[in-house]
Amino acid sequence: DSLDSSMRKVVANLPDNVAANISYGLYFSDLASCQFVDSPQSFDDYAALLTELNLKVTTANAFPFGNFRAAEVKEKAFLPDWREQSRVDYTCRVADLLAHVATSDNGLSISTCPFGYDSAAACEQSIVNVRLVVAHLQQLHQRTCKHIRLAFEAEPCACFSDSVVLIDYLATNFSDDARKYVGICFDLCHSAVTDEDYQKVIAQAEQQNVA
C-alpha cells in the first residue's frame, strides 16, 4: 500500500535524472519475509510494482526482527541475536527476497545487527551461525549471479559500538573467501554519536579487506 500510494507520489515528483540514480533499500520483518515466501504470487505482485515504479533496489534491512515501532524497543531490537538459529533463517529468507528484486548483480547488501546487544554475543556460536549465512549467500550467488554481502552495523552501546573494532573482529574470524560475503554497514549518524574518525574507519576497512 505504501509503495502504491505515498511512494508513487514521491517517485512521480523526482526529476528523471535523479530518479534513475537513487538506490532504494527495503525492509522485511521476519513476519513479512515468511508471508512472502508462503505466498509467491503476492511477492511477484510486489516485485512487479517495484519494477513499475522503476525503483533501483540494492539493499535490504534485516536488522530489526519485527515490532520495531513498539513503545519500547532499545536492546530488544537486537533480538534474536546471532546466537539464535532464527536470526540465521530470517537473514537467509531476506537474502532470497533481495536476490529476486535486486536490479543489479553486484554491490548488494543486507544490514544486520552487530552480533547482539551484550558483549556475550561475540562468541563461537554466533560465528558458526554467520558462516551458515555466508554459505547460503555463496550458493545464492552461484545460482542467481546476485552477489549479496551481509553488512554488520556498529551501534552505540551494543556488542560492537566501535566500527574499527568490528572490522578487526570480522577480519580475525572470517577467511578471505568468507569476507567476500561479509562486511560492515557504516552508518555515519551512529559513527558521529560515538565520535569516530570516519577516515580511520575506512582506512582500517581497506587494510583488513573488509568491505
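A crossover between two strands is called right-handed if, with the strands pointing away from the viewer, the path from the first strand over the helix to the second runs clockwise. I begin with that term since the predicted model before you contains such an arrangement. Strand S3, residues 108–112, helix H6, residues 124–144, and strand S4 together make a right-handed β-α-β unit.

Let us look at strand S4 and its neighbours. S3 and S4 run parallel and are joined by five bridges. Within this pairing, Thr112 stands opposite Phe152 of S4. S4 is also joined to strand S5, residues 182–184, by three bridges, and these two strands run parallel as well. Here Leu150 stands opposite Val182 of S5.

Are the residues of S4 buried or exposed? Strand S4 spans residues 148–152, and five of its five residues are buried. In a regular strand the side chains alternate between the two faces of the sheet. In S4, Ile148, Leu150 and Phe152 lie on one side, Arg149 and Ala151 lie on the other, and both faces are covered.

Phe152 leads us to the interior. The largest nonpolar core has 62 residues, and those with the most contacts inside it are Trp82, Phe115, Val130, Phe152 and Leu170. Helix H5, residues 85–101, gives the most to this core, with nine residues. Which residues does Phe115 touch? Leaving aside residues up to four places away in sequence, the contacts of Phe115 include Trp82, Val130, Phe152 and Leu170. Asp81, Ser126, Cys159 and Tyr169 are also among them.

I turn finally to helix H4, residues 40–52. H4 has 13 residues and reaches 18 Å from its first C-alpha to its last, close to the 18 Å expected at 1.5 Å a residue. Its buried residues are Phe43, Tyr46, Ala47, Leu49 and Leu50. Why do these buried residues lie on the same side of H4? They do so because they cover an arc of only 155° around the axis. On the other side of H4, Gln41, Thr51 and Glu52 are exposed.

What do the buried residues of H4 pack against? Their partners are helix H1 (3–12), strand S1 (23–27), helix H3 (30–38), strand S2 (56–61) and H5. H5 is thus a helix we have met before, as the one that gives the most to the largest nonpolar core. After H4 comes Asn54, whose phi is positive, near 60°.

Note on methods: Residues numbered from 1 in each chain as written. Predicted model: local features only at pLDDT ≥ 70, side-chain atom pairs only at ≥ 80, totals over all residues. Heavy atoms only, no water. Buried < 20%, exposed > 50% of the residue type's maximum accessible area, 1.4 Å probe, protein only. Helix = DSSP H or I, 4+ residues; strand = E, 2+ residues; numbered from the N terminus. Pairing = 2+ DSSP bridges. Core = buried A, V, L, I, M, F, W, Y, C linked by side-chain atoms within 4.5 Å. Contact = heavy atoms within 4.5 Å. Expected span 1.5 Å × (residues − 1). Arc of directions from axis to C-beta.
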